[in-house]
Amino acid sequence: MDGTYSKEASGNGGKMTVEVKIIGEKINEINVLDNQETPTMITTVEETLIPQIIKGQTIEAVDTVSGATNSSNAVLDAVGQSLAEATK
């Protein structure tokens, strides 16, 4: 279902909020909002992991970012929660 979904997951520095926008039943945009992660780690996740998710339209078979594993896993968890809610 199309919409904007915000979910929390635990990262390296604590809770992280991730917003997922679904348009035309496709992942259109993913934004990391509130977080306590190291800024360079979030930038790396935003530049590497998020484009992979959007391109593949899935969180399956997406590799975490080396050196930012916990941050990557938090994004993957939050996106997974969003996708689960969108398909209810």
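This passage describes the nonpolar core of a predicted model and the pairing of two helices, H1 and H2. Residues are numbered from 1 along each chain as its sequence is written, and side-chain values use heavy atoms, leaving out hydrogens and water. Because the model is predicted, local features need pLDDT of at least 70 and side-chain atom pairs count only at pLDDT 80 or more, while totals for chains, interfaces and linings use all residues.

The largest nonpolar core holds 23 residues; such a core is a set of buried Ala, Val, Leu, Ile, Met, Phe, Trp, Tyr and Cys residues joined through side-chain atoms within 4.5 Å, buried meaning under 20% relative accessible area (1.4 Å probe, protein chains only). Val-18, Ile-30, Leu-49, Ile-53 and Val-75 have the most contacts inside this core. At least two core residues come from each of strands S1 (3-10), S2 (15-23) and S3 (26-32) and helices H1 (39-56) and H2 (69-86), with H2 giving the most, six. Helices (H or I, at least four residues) and strands (E, at least two) are DSSP runs, numbered from the N terminus.

Turning to the helix pair, the axes of H1 and H2 come within 10 Å and cross at roughly 45°. Axes here are lines fitted to C-alpha atoms, for helices over the stretch in contact, with angles running from 0 to 180 degrees between N-to-C directions. Met-41, Val-45, Leu-49, Ile-50 and Ile-53 of H1 meet Ser-71, Ser-72, Val-75, Leu-76 and Val-79 of H2, contact meaning heavy atoms within 4.5 Å. Within H2, Ser-71 is buried, at 2% relative accessible area.

Definitions and conventions: Buried < 20%, exposed > 50% of the residue type's maximum accessible area, 1.4 Å probe, protein only.
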